[in-house]
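Here is a short report on one protein chain. Keep the sequence and the model in view while reading.

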Amino acid sequence: KGVVAAFMMMGIVACSMIASPPVGQISQNDHAALATWYDKEAAQLRRKAKDMADMEVAYAKNPAYGQSIMAGIGKENFNQHCDALKAMYTKGAEEADQLAKKHRSMVK
């Protein structure tokens, strides 16, 4: 069960990192809408980073469970795994913030 859950979590993470803005907003050069979209994307990525921090705390309370999951996918340190995902989500949020700012500066 743990291995299946870990693979599902990895799939969810992979899918959640590849979101793209609506094509209609891009083709219409709707910079205000794109800025709003990137703001929402940044907020969502920050929530995911917080979820990873919360998960790390929960597994710290039950280390054997976290270790059994990580062993099933060939990783040894659950804390490092959570930290890496938190960093990835945080970096994505920062990049989305920068893109929102850039699009706001392009609003006519």
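## Overall build

Of the chain's 108 residues, 30% count as buried. The model is a predicted one. Its secondary structure comes to five helices and zero strands. Read from the N terminus, the elements run α-α-α-α-α.

The protein chain exposes about 7,100 Å². Carbon and sulfur atoms supply 60% of that area. Among contacts with a separation of 6 or more, 70% join residues 24 or more positions apart.

## The nonpolar core

Which residues touch the most other members of the largest nonpolar core? They are Tyr-38, Met-52 and Tyr-89, in a core of 14 residues. Helix H3 (31-61) and helix H5 (78-105) each supply at least two residues of this core.

Met-52 shows where its contacts go. Leaving aside neighbours within four places in sequence, Met-52 is in contact with Cys-82, Leu-85, Lys-86 and Tyr-89. Tyr-89 thus appears twice, as a contact of Met-52 and as one of the core residues that touch the most other members.

Tyr-38 also takes part in an aromatic pair. The structure holds one such pair. Trp-37 and Tyr-38 form it, edge-to-face, at 5.0 Å centre to centre and with 85° between the planes. Both Trp-37 and Tyr-38 are buried.

## Two histidines and the chain end

His-31 sits in helix H3, and His-103 lies in helix H5. Are these histidines buried or exposed? His-31 has a relative accessible area of 16%, so it is buried, the cut-off being under 20%. His-103 has a relative accessible area of 14%, so it is buried too.

The two histidines touch each other. Not counting residues up to four places away in sequence, His-31 also touches Met-106 and Val-107. On the same basis, His-103 touches His-31, Leu-34, Ala-35 and Tyr-38. Tyr-38 therefore links this site to the core: it touches His-103, and it is among the core residues that touch the most other members.

Val-107 is found in the segment after H5. Its relative accessible area is 41%, which makes Val-107 partly exposed. Apart from residues up to four places away in sequence, Val-107 touches His-31 and Ala-32. Val-107 and Asp-30 are 77 residues apart in sequence, but their C-alpha atoms are 7.9 Å apart in space.

## Salt bridges

Side chains of opposite charge can pair when their charged atoms come close. Here the count comes to six salt bridges. The table gives three of them.

| Salt bridge | N to O distance | Location |
|---|---|---|
| Asp-54 with Lys-50 | 2.8 Å | both in helix H3 |
| Lys-86 with Glu-56 | 2.9 Å | Lys-86 in helix H5, Glu-56 in helix H3 |
| Lys-91 with Glu-95 | 2.4 Å | both in helix H5 |

Take the bridge between Lys-86 and Glu-56, at 2.9 Å from N to O. Lys-86 lies in helix H5 and Glu-56 in helix H3, so the pair ties together parts that are 30 residues apart in sequence. Glu-56 counts as buried, at 13% relative accessibility. Lys-86 is also one of the contacts of Met-52.

The other two tabulated bridges each stay within one helix. Asp-54 and Lys-50 both lie in helix H3, four residues apart, about one turn of the helix. Asp-54 is partly exposed, with a relative accessible area of 39%. In helix H5, Lys-91 and Glu-95 are likewise four residues apart, about one turn of the helix. Lys-91 counts as partly exposed at 47% relative accessibility. Glu-95 counts as partly exposed at 37%.

Which residues are joined into one network by salt bridges that share partners? They are Glu-56, Asp-83 and Lys-86.

Terms used
Residues are numbered from 1 along each chain as its sequence is written. This is a predicted model: local features need pLDDT of at least 70, side-chain atom pairs count only at pLDDT 80 or more; totals for chains, interfaces and linings use all residues. Side-chain values use heavy atoms; hydrogens and water are left out. A nonpolar core is a set of buried Ala, Val, Leu, Ile, Met, Phe, Trp, Tyr and Cys residues joined through side-chain atoms within 4.5 Å. Buried means under 20% relative accessible area, exposed over 50%, partly exposed in between (1.4 Å probe, protein chains only). Contact means heavy atoms within 4.5 Å. Accessible areas come from the Shrake-Rupley method with a 1.4 Å probe; for residues, only the protein chains shown count as cover. Rings of Phe, Tyr and Trp (its six-membered ring) pair if their centres lie within 6.5 Å; planes under 30 degrees apart count as stacked, over 60 as edge-to-face and the rest as tilted. A salt bridge is a side-chain nitrogen of Lys or Arg within 4 Å of a carboxyl oxygen of Asp or Glu.
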